Amino acid sequence: MTSGRLLRQLIKAGVRHGGHDFRQVAEEIIREERAKKHHLLANDLERILYGEYPGPRRKNVQYDIPRDRERGLPLLEICEPARDLQDIVLSDTNRSILEEVLLEQSRAEVLASYGLKPIFRLLFCGPPGCGKTLAAEVLAAELSLELVLIRFDAVISSFLGETSANLRKVFDFLEGNCVVALFDEFDAIGKTREDLAEHGELKRVVNSFLQMMDGYRGKSILIAATNHERLLDRAIWRRFDEVLLFERPNLEQIRHLLTVKLRGVRYDLPLQDRAFLNQFKGFSHADIERILNRAIKTMILKGREFLTSELVEEARKREEERLAIIAKV
Ligand SMILES: Nc1ncnc2c1ncn2[C@@H]1O[C@H](COP(=O)(O)OP(=O)(O)OP(=O)(O)O)[C@@H](O)[C@H]1O
Ligand SMILES: [Mg+2]
């Protein structure tokens, strides 16, 4: 028998890509589930089908994108998520947290009837290229919502008071819409500025952000991402419902990443061989993806039929050289 989870996934995928025929079949499935007295499942499927989660049905919606008053720059960017849970390699802990978020979000109404809110404030930490932005995209895709990237370069204004006004506009936008919002590198200004006065500025912006997050009453999911978690004090961590740490992959995750990234590629690689996997130890997921892309290109250009460990090793060495140059700059 098909499980409820699979049916939900199927209808979600169909809503994204299917046409009129799909809708008819989906309605038939819902009728059948109702006849079997699976009311919760039927309600859920209906919500997915008819768009309580505003997915493609809102494609033509013209969003009124807030802008910075002084410079006229858009404060956020709306993206259509393309990748879902099958495209991301996660630690067991992170996978179960994300699945919990999805479950609570999809049952938000039931929770609300008990006066409870689903998890909606997430902090993503960890080094570059380990999946923070991708995880936000995956959450959006799984919930059939749009991904909104908040542009901190535009939000942070040199004009006194304007930064808070910009943040206010962003939060108003998020209260008026249901999306997955990613405040990427939300401590970005702390990165290049080391002196005390500017740390003060960092604190001010982060504090404004937290205050607005505390007062936030909308339905959007708020995600803040940082690779400077040490700059954030415990008080900040406590404000989030969940904190996820994205780290460089271990051997098992490297193996999984290779199978995910090599979908559709003909390869002859010793994926069970620890020594082979070990060569990727210490690289981020994004580095490994770059190595594979480099190797695949060579395979194509040299007219080889399969991706071999020799091609991969060669690409890995080239990537190491590239990273060494970057490290010197
Ligand atoms: N865990 C992962 N699973 C699968 N692919 C990944 C993963 N992490 C990164 N990638 C690949 O690397 C790309 C860049 O990763 P991503 O933008 O998510 O990193 P990030 O953690 O947000 O880094 P930054 O701190 O620089 O913003 C992704 O678009 C994806 O293709
Ligand atoms: Mg990122």
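## Lys-281 and its surroundings

Lys-281 lies in the loop that connects α13 (274–278) with α14; helices here are DSSP runs of H or I with at least four residues, strands are runs of E with at least two, and both are numbered from the N terminus. The residue is exposed because 12 other C-beta atoms lie within 10 Å, where 12 or fewer such neighbours define exposed, 20 or more define buried and values in between define partly exposed, with C-beta atoms placed from the backbone. Lys-281 and Ile-254 are separated by 27 residues in sequence, and their C-alpha atoms are 8.0 Å apart.

## Basis of the model

The model is predicted: local features require pLDDT of at least 70 and side-chain atom pairs pLDDT 80 or more, whereas totals for chains, interfaces and linings use all residues. Residues are numbered from 1 along each chain as its sequence is written, while chains are lettered from A and ligands numbered from 1 in the order in which they are written.

## Overall composition

The chain contains 15 helices and 8 strands. Of its 329 residues, 33% count as buried. Among contacts with a separation of 6 or more, 76% involve residues 24 or more positions apart; a contact requires C-beta atoms, placed from the backbone, within 7 Å.

## The six-stranded sheet

An open sheet of 6 strands follows the order β1-β3-β4-β5-β2-β6 with mixed pairing, two strands being paired if DSSP finds at least two bridges between them. Its edge strands are β1 (76–79) and β6 (242–245), each of which pairs on one side only.

Strand β4 (residues 180–183) is covered on both faces, with Val-180 and Leu-182 buried on one side and Ala-181 and Phe-183 buried on the other. It is joined in parallel by 4 bridges to β3 (residues 147–150), where Ile-150 stands opposite Phe-183. A further 4 bridges link β4 in parallel to β5 (residues 221–226), and Ile-221 is the bridge partner of Val-180. Strand β2 (residues 121–125) runs parallel to β6, with 4 bridges between them; Phe-124 stands opposite Leu-244.

## The shell around ligand 1

Of the 16 residues around ligand 1, Pro-128, Gly-131, Thr-133, His-285 and Ala-286 come nearest; a residue is near if its C-beta atom, placed from the backbone, lies within 6 Å of the molecule. Helices α6 (132–142), α12 (251–261) and α14 (285–301) each give two or more residues to this shell.

The shell comprises 9 nonpolar, 5 polar and 2 charged residues; Ala, Val, Leu, Ile, Met, Phe, Trp, Tyr, Cys and Pro count as nonpolar, Asp, Glu, Lys and Arg as charged, and the others, Gly among them, as polar. Domain 2 (76–245) and domain 3 (251–328) each supply at least three residues, with bounds taken from an automatic or database domain assignment.

How values were computed. Two residues are in contact if their C-beta atoms, placed from the backbone, lie within 7 Å.
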